[in-house]
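The report below works from single residues to sheets and then to the nonpolar core. Please keep the sequence and the coordinates at hand while reading.

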Amino acid sequence: MIDRRSVLKGFVKNATILPILAVVGGVGTALLSYLKPTWKFGDLPSTEKPLNKDKVVGTLEEFAKDYDFKEFIFTQVTVEYSARGRAATDILGYAVRIPNDSLKAADVGVGPSGLRRGYGETEYKGQKYSIVVVSRICAHLGCIFEYHTPEQVCSGFNYCGGKTPMFSCPCHLSVYDPAQQQDVPGAGVLAGKVVSGPAPRTPFPFDFEIKGNQIVVKSYG
Ligand code: FES
């Protein structure tokens, strides 16, 4: 016969053990999820396997004349060795139309996707377009730069040597000319020469294609 005392004892025992089991189970599951491989054997991430989604950042109709520009946000997806497997970062960018023949496409460095880094040319409806696409992260210390008229650059950024719009950074007054090129060690010739201030190199380029009338960004850096 079951007496009241043993029923009470059993209840107290379960009431003590069950929360402990729940905590151990929860922590164990979390730990195991970190041990579980993110990629299957033979499925290791490679640079040939794009993780980003292509992003249409604009159409050529939006760049009717030289120095027309558009800002955009691109989500760069990279491999991360954790239970999540990947990390997504939003990167601000600018696309700018520059005068034809400012840069020689053949000179511009080629990125991992086989595209010219940060620069593309096309013929569309009888017009030639030369487009620069770069991130807005300043190559000096990572502030976000703006696109300004030559008057604004002269009055606010300590550089009065230009007659065209430029990228200018409010933090330490670096100024970049999207229509001039600069040889960047390890990356090749890129658009966005530093014409003033402490930035050590051009802005970081996006790899992009011009498909029909669409400017399609594929990758960053
Ligand atoms: S962060 Fe842009 S100039 Fe220093």
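## Residues, sheets and core

Alanine 87 is exposed, since 12 other C-beta atoms lie within 10 Å, and a residue counts as exposed when that number is 12 or fewer. The model described here is predicted. Alanine 87 has its place in strand S3, and, once residues up to four places away in sequence are set aside, alanine 87 touches Thr78 and Glu80. Glutamine 76 is 11 residues from alanine 87 in sequence, and the C-alpha atoms of the two are 8.2 Å apart in space.

### The chain as a whole

The protein chain holds two helices and 11 strands, and along the sequence these follow the pattern α-β-β-β-β-β-β-α-β-β-β-β-β. Of its 221 residues, 28% count as buried. Among the contacts in the protein chain with a separation of 6 or more, 57% come from residues 24 or more positions apart.

### Positive phi outside glycine

Tyrosine 67 has a positive phi although it is not a glycine, and the same description holds for leucine 173, which is not a glycine and has a positive phi. The table sets out the angle, the loop and the surroundings of each residue.

| Residue | Phi | Loop | Other C-beta atoms within 10 Å |
|---|---|---|---|
| Tyrosine 67 | about 75 degrees | between strand S1 (55-59) and strand S2 (69-79) | 16, partly exposed |
| Leucine 173 | about 65 degrees | between S7 and S8 | 17, partly exposed |

### Two open sheets

One open sheet has four strands in the order S6-S7-S8-S9, and their pairing is antiparallel. Strand S6 (146-148) and strand S9 (188-196) stand at the edges of this sheet, and because each has a single partner strand, one side of each is left without a neighbour in the sheet. From one strand to the next, the twist averages 60 degrees. Within this sheet, strand S7 (residues 166-168) and strand S8 (residues 175-184) run antiparallel and are joined by two bridges, with serine 168 standing opposite valine 175 in S8. Leucine 173, listed in the table, is found in the loop between S7 and S8.

Another open sheet has three strands in the order S1-S11-S10, again with antiparallel pairing. Here S1 and S10 are the edge strands, and since each has a single partner strand, one side of each is left without a neighbour in the sheet. The twist in this sheet averages 30 degrees from one strand to the next. S10 and S11 run antiparallel and are joined by six bridges, and lysine 211 stands opposite glutamine 214 in S11.

### The largest nonpolar core

Which members of the largest nonpolar core touch the most other members? They are Ala95, Val132, Val133, Val134 and Phe206, out of 36 residues in this core. The elements that give two or more residues to this core are strand S3 (86-97), strand S5 (127-135), S7, S8, S9, strand S10 (206-211) and strand S11 (214-220).

With which residues is valine 134 in contact, leaving aside its neighbours within four places in sequence? The contacts of valine 134 are Gly93, Tyr94, Gly118, Ala191, Gly192, Pro203, Phe204, Pro205 and Phe206. Phe206 is thus named both as a contact of valine 134 and among the core residues that touch the most other members.

Terms used: Residues numbered from 1 in each chain as written. Predicted model: local features only at pLDDT ≥ 70, side-chain atom pairs only at ≥ 80, totals over all residues. Pairing = 2+ DSSP bridges. Axes fitted to C-alpha atoms, helices over the stretch in contact; angles between N-to-C directions. Core = buried A, V, L, I, M, F, W, Y, C linked by C-beta atoms within 7 Å. Buried ≥ 20, exposed ≤ 12 C-beta atoms within 10 Å, placed from the backbone. Contact = placed C-beta atoms within 7 Å.
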